[in-house]
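Work through the exercises below with the model open. Try each task before reading its solution.

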Amino acid sequence: MDLFDHSEQHSTEGVPLADRMRPESVERMVGQEHLLGQGKLLATAIEQGRLPSFILWGPPGTGKTTLARAAARRVQDEFVAFSAVLSGVPELRKAIERARELRKLRGRGTVLFIDEIHRFNKAQQDALLPHVERGTVVLIGATVENPSFAVNAALLSRARVFRLEPLSSEDLVVLLQRALEDAERGLGGLDLRADAEALQGIAEGAKGDARRALDLLEAAARHALGLGGERKIDLQCLREALAAGTLLYDKSGEEHYNTASAFIKSMRGSDPDAAIYWMMRMLEAGDDPLFVARRMIIFAGEDIGNADPAALRLAVAADQALQRLGMPEGVYPLAECCLYLASAPKSNAATLAWTEAQKDVKQRGSLPVPLRLRNPVTEQMREWGYGGGYRYPHSEGGYAPGEVYLPDELRDRVYYRPTESGIEARIKAHLQKLRVRRNHDGDDES
């Protein structure tokens with residue numbers, strides 16, 4: 001008996017509507033036309049009964065598990081579901097051994113479905129490689145994380161990646177109507193009616209997640225039945241169902257990094273309104289306020305720099321204030337800092353300076369420090385020429401014309417190129433004067 005047989009014999013009592021309404025065939029799935037449409041690579045492979053190993057990447061509720069089950073059913077392979085959270089290498093070895101025996105004794109293949117494959121560590125992922133290569137199992141992984149970050153390169157090279165998109169409102173309405181009409185697995189035996197506006201509202205509130213849409217429908221149906229009288233799901237039932245809704249956000253997943261990216265880019269683009277919006281999206285979704293503060297400290301140094309040196313001081317102060325106040329009061333210094341950084345003049349000249357200098361350090365190695373810049377700690381060092389010829393800038397009005405402080409091989413390098421933004425414009429004008437004098441005096445000396 002495989003897992004399909006087991007699930008079909010099991011009672012559906014107490015099973016959530018979303019699980020009861022899971023499509024059993026690829027043809028019954030809605031959405032994902034870019035994968036399942038006529039002539040598409042994955043659709044063709046399923047039709048021909050020759051499944052490759054692949055990874056399904058997409059948000060929750062987009063059909064990853066459903067597609068894996070339906071594909072295995074179509075090609076008549078054994079389907080073994082595996083949770084990367086609950087299972088480890090010993091369980092994996094048992095599943096592989098069973099797959100070997102099944103192929104040897106019955107000539108039947110095995111689809112090994114690993115949910116949340118991004119939670120497998122490197123050793124667990126490596127343990128899969130030889131069995132995927134030999135065709136002992138067809139691997140189907142499911143993940144909400146970007147596979148290029150969450151799955152090691154060796155495994156990725158042996159499995160195609162298919163991205164599932166959030167379902168459209170139209171697709172979700174189709175699923176909701178099916179659930180209302182299906183008397184065997186859905187709500188069809190309850191004599192319920194639903195307004196088109198309510199179904200559309202549920203679909204929009206689900207944000208592309210089929211499971212969430214069906215959960216909301218089930219909650220609205222339960223509320224409608226509890227009222228007695230007319231069994232009707234209307235907008236009032238929907239409001240009750242949505243009352244406990246949560247933001248579409250996973251503070252450890254891709255959406256976290258997407259939102260943080262939007263936050264940084266809004267500050268960089270000098271849009272304080274967008275910046276404060278994305279910051280509050282993170283905080284309201286339960287992100288760590290210290291993460292937000294840390295990102296603003298980095299931003300102040302990376303994207304503002306000397307255009308407004310006060311930005312870094314304010315970012316550090318906001319971080320310290322947050323740690324002292326905690327939340328929710330800590331939102332005040334965070335908001336003040338966010339708006340200041342977004343409104344401040346921008347410069348990445350400091351970033352460019354250190355990255356160019358780092359490049360020379362890596363390429364040229366440890367160039368010798370010029371003798372005149374070395375510290376003559378002992379008499380013998382002075383005899384060797386340490387510190388010889390060094391000119392003390394304060395003795396010459398704060399600047400020693402013609403003096404060179406870089407290694408001789410890099411004497412003409414310019415790393416720091418101030419912009420015309422904010423305070424940096426004044427720094428630029430000052431350095432231009434000094435550099436002109438240095439070059440002029442250097443020519444005179446030569």
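This is a predicted model, in which local features need pLDDT of at least 70, side-chain atom pairs count only at pLDDT 80 or more, and totals for chains, interfaces and linings use all residues. Residues are numbered from 1 along each chain as its sequence is written, and side-chain values use heavy atoms, with hydrogens and water left out.

**Exercise 1. Describe the protein as a whole.**

Solution.
- Step 1: count the elements. The protein has 21 helices and 7 strands. Both are DSSP runs numbered from the N terminus: helices are H or I with at least four residues, strands are E with at least two.
- Step 2: take the burial. Of the 446 residues, 41% count as buried. Buried means under 20% relative accessible area, exposed over 50%, and partly exposed in between (1.4 Å probe, protein chains only).
- Step 3: take the surface. The accessible area is about 24500 Å², with 51% belonging to carbon and sulfur atoms. Such areas come from the Shrake-Rupley method with a 1.4 Å probe; for residues, only the protein chains shown count as cover.
- Step 4: check contact range. Among contacts between residues at least 6 apart in sequence, 71% join residues at least 24 apart. A contact means heavy atoms within 4.5 Å.

**Exercise 2. Place H118 and find its partners.**

Solution.
- Step 1: locate H118. The loop between β3 (110–115) and α7 (122–134) holds this residue.
- Step 2: classify H118. Its relative accessible area is 16%, so H118 is buried.
- Step 3: list the neighbours. Leaving out residues up to four places away in sequence, H118 touches T143, V144, E145 and A150.
- Step 4: look for a polar contact. The side chains of H118 and T143 make one at 2.8 Å. The term needs a pair of N or O atoms within 3.5 Å; within protein, one must be able to donate a hydrogen and the other to accept it, and residues adjacent in sequence count only if both atoms are side-chain atoms.

**Exercise 3. Find residues with an unusual phi sign.**

Solution.
- Step 1: recall the background. Most residues other than glycine have a negative phi.
- Step 2: take E116. Its phi is positive, about 55°, although E116 is not a glycine. E116 sits in the loop between β3 and α7. At 26% relative accessible area, E116 is partly exposed.
- Step 3: take Q32. Phi of Q32 is also positive, near 55°. The residue lies in the loop between α2 (17–20) and α3 (33–36). Q32 has 6% relative accessibility and therefore counts as buried.

**Exercise 4. How many disulfides does a search of the whole structure find?**

Solution.
- Step 1: apply the cut-off. A disulfide is a pair of cysteine sulfur atoms within 2.5 Å.
- Step 2: search. The result is 0 disulfides.
- Step 3: examine C337. C337 is in no disulfide, and the nearest cysteine sulfur, that of C338, is 7.6 Å away.
- Step 4: add burial. C337 is buried at 1% relative accessible area, and C338 is buried at 0%.

**Exercise 5. Characterise D288.**

Solution.
- Step 1: locate D288. The residue lies in the loop between α15 (272–284) and α16 (289–304).
- Step 2: classify D288. With a relative accessible area of 39%, D288 is partly exposed.
- Step 3: check the side chain. One of its polar atoms lies 3.0 Å from the backbone nitrogen of L290.
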